[in-house]
Number of protein chains: 2
Amino acid sequence: MSSSAPDRSLQMTSTLTAAGDLVLDLATVQTPAPGPDEVLIQIEATPVNPSDLGVLLGPADPARARREGARTVIPLSPAALKAASRRLGHTLTIGNEGAGLVIAAGDQARDLLGRRVALLGGGMYAQHRLAKAADCLVLPEGTTAAEGAAAFVNPLTVLAMIETMRLEGHTALVHTAAASNLGQMLVKVCAEDQIPLVNVVRRPEQAELLRGLGAEHVCDSSAPGFDDDLRAAVAATAATLAFDAIGGGRIASQILAAMEAAATARMTDFSVYGSIERKQVYIYGVLDTGPTELLRNFGMTWNVGGWLMPPILMRLGPERAAQLRQRVLAGLKTVFASHYSREISLAELLEPEVLLASTRKATGEKLLINPTR
Amino acid sequence: MSSSAPDRSLQMTSTLTAAGDLVLDLATVQTPAPGPDEVLIQIEATPVNPSDLGVLLGPADPARARREGARTVIPLSPAALKAASRRLGHTLTIGNEGAGLVIAAGDQARDLLGRRVALLGGGMYAQHRLAKAADCLVLPEGTTAAEGAAAFVNPLTVLAMIETMRLEGHTALVHTAAASNLGQMLVKVCAEDQIPLVNVVRRPEQAELLRGLGAEHVCDSSAPGFDDDLRAAVAATAATLAFDAIGGGRIASQILAAMEAAATARMTDFSVYGSIERKQVYIYGVLDTGPTELLRNFGMTWNVGGWLMPPILMRLGPERAAQLRQRVLAGLKTVFASHYSREISLAELLEPEVLLASTRKATGEKLLINPTR
């Protein structure tokens, strides 16, 4: 092994204490040494995705966060504590993905020394991260850590949505909260693959943003004619699959009703049970934590379910998953580019006002952590 | 062809008029003559299932029904009219299943003449019904029409639920509104097949009824400890599949939360995304027409969807479907026996007070129509 690593290293942790406090900390840990097939990555960039905030905060309300020395403490409400009871006593590390420089390597991994790599796998909100050499995605020459930091979660989620569509026999997509970083990627990938896409956004300026990217079907749920717009777009695309990042409220129900209206319009006979075309809404996000309300005015052939990207990659198998990763690498500066509103240090993320801002879920607010700061 | 059929015959119809009225009528039609492979059945018994009322009434409120001569008219509220707009101008016949005597037969179907048969297929609320000989289920000697009238919908729904469980890899069931005729059958069939079953009922006397049938797990949603009872029963049975006849409200959500609690208790590690065990609730009834409310406090691996029996029979194929029908025939007087609170004529069903009583959905209230009265 060869190494230029310091002895001690910072690692962000989130712990739910028996007292009912969520304690966020930067723990000082011994810098790990790579085994023969491992490398040590000095993390240079790691994005703040909604899924990372989910692990960091659980059901805690960042508005209640306060500093206690170097730590940030958030007392949980009784309801939040009950919802998080399975976390009690667990100390979780944070950060699904990131990129950085290989500064130490085991004997079988020396070819990676000095290379910039991206990694998916948790615990990236840290100064250093040990990884199997085989798990590292070597970034092409000329790719910065910031460009490679988000090479997994959003790009592979977008591609896994499209793979799900194909696996389950659909031919078009509906996507909500479509002006998100992920939604913008989906617009570009669907354009490349000629997949009809209905984009549902919540504000006029988001509709403009997507139209500026070339999106054909954009429905603004704040507009008075939204339901008619949605039905027209769903009918025009014949979409029978939706991915919903919102979760709460009636948007899933509205989408299913639009799909059913289009499906019954394609029927020649009448059935009180509605159409038999398979209609599916997958909920993959929680922008609205309230209950999902289904009016069930969409026949009897429908499904609403949770959805995660990793099980789809498992289902596709390693060969197809590798093809998807190669597609991402080739598009890191174009289709799969992420855009950040601000770069911060590890410590800054734990400041109560930064936590609060990061959970505001406004489109365009996206933080990148640089642990070398 | 040989026949003892009268020239004219009564047929119940439900029509949504352009004026926004649902008109229920007994139309006088020409008695149809069987083709070579057909028979004419004189219907002697046909049950009033919730699914029949769904076709008869759509979203109309029977409390608003009034007689106009021989017809019953229900003015639809604007909301109901909108919900039923696809029915506009359609005249529907009613009655999914029934039994009766073959009184005329085509040349290739003469062996059925004089036999008592059961039939599934719509239009059974009539004095006579034409059918393909091949679609008739010949009832065993000594079976009355009343005993054979409900040989399809409830029995095959129960068996299709169990087949769905096996097809989709589950090993136990949760069932709501479990004291219904169908629910009582499910208790008996699950006992025969040694399938763990969690019965959810809404009143103490319903719990008693099911315990009297030998049901092991009965949870009364009107009891203060219901949620704990449900969680304990779901954990004890390891059920990950539920069939819900209620539809509205939070029962599907509660069941998924109970399944998730049991699944995470079986996990050795912690994940913010919850367990990866597949958890499914199928909604097959509409006892509560209100929205389905999902709290999504059950991880990311879950599905809620509509469910109907016929697509499952299609999926199983004709050979397995025939086996299921034979099992029903063998159990018509025992496991698959239906119980009726009252026998009525075709005309009586259209009386406003009978319509209202039939939709009251109280367990034990079940009507049998005898069109020969």
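This is a dialogue on reading the chain interface and some strand pairings in a predicted model.

Me: By what turn and what shift can chain A be laid on chain B?

Reply: Look at the rotation and at the shift along its axis. Here a turn of 180° with a shift of 0.0 Å along the axis lays chain A on chain B, at an RMSD of 0.1 Å. The two copies are thus related as by a two-fold rotation axis. The same surface serves both copies, since 100% of the contact residues of chain A recur in chain B.

Me: How many residues are in contact, and what area is buried between chain A and chain B?

Reply: Contact here means heavy atoms within 4.5 Å. By that cut-off, 39 residues of chain A are in contact with 39 residues of chain B. The area buried between the chains is about 3000 Å², and carbon and sulfur atoms give 62% of it. On the side of chain A, the residues that lose the most area to chain B are A:Phe270, A:Arg296 and A:Met300, together 24% of what that side buries.

Me: How many salt bridges and how many residue pairs in polar contact lie between chain A and chain B?

Reply: The rule finds 0 salt bridges across this interface. Polar contacts are counted separately: there are 13 residue pairs, with both residues at pLDDT 80 or more.

Me: Which elements of chain A give two or more residues to the side that touches chain B?

Reply: They are α1 (50–57), β16 (247–249), β17 (280–283), β18 (288–294) and β19 (303–306) of chain A. Of these, β18(A) gives the largest share, 7 residues. By residue class, that side of chain A divides into 17 nonpolar, 16 polar and 6 charged.

Me: Which strand of chain B is joined to β19(A), and in what sense do the two run?

Reply: Read the partner strand, the direction and the bridge count together. β19(A) is joined by 3 bridges to strand β19 (residues 303–306) of chain B, and the two run antiparallel. One pair to locate is A:Gly305, whose bridge partner in β19(B) is B:Asn303.

Me: How many residues lie between β2(B) and β3(B) in their hairpin?

Reply: There are 4 residues between them, and B:Gly20 in the turn has a positive phi of about 90°. The strands, β2 (residues 8–16) and β3 (residues 21–30) of chain B, run antiparallel and are joined by 9 bridges. B:Thr15 has B:Val23 as its bridge partner in β3(B).

Me: In what sense do β3(B) and strand β6 of chain B pair?

Reply: β3(B) pairs with β6 (residues 71–75) of chain B in the antiparallel sense, over 4 bridges. The bridge partner of B:Asp21 in β6(B) is B:Pro75. In a regular strand, side chains alternate between the two faces of the sheet.

Conventions:
Residues numbered from 1 in each chain as written. Chains lettered and ligands numbered in written order. Predicted model: local features only at pLDDT ≥ 70, side-chain atom pairs only at ≥ 80, totals over all residues. Heavy atoms only, no water. Least-squares fit on C-alpha atoms with pLDDT ≥ 70 in both. Buried area = accessible area lost by both parts, 1.4 Å probe. Salt bridge = Lys/Arg side-chain N within 4 Å of Asp/Glu carboxyl O. Polar contact = N/O pair within 3.5 Å; in protein donor to acceptor, adjacent residues only side chain to side chain. Nonpolar A, V, L, I, M, F, W, Y, C, P; charged D, E, K, R; others polar. Pairing = 2+ DSSP bridges.
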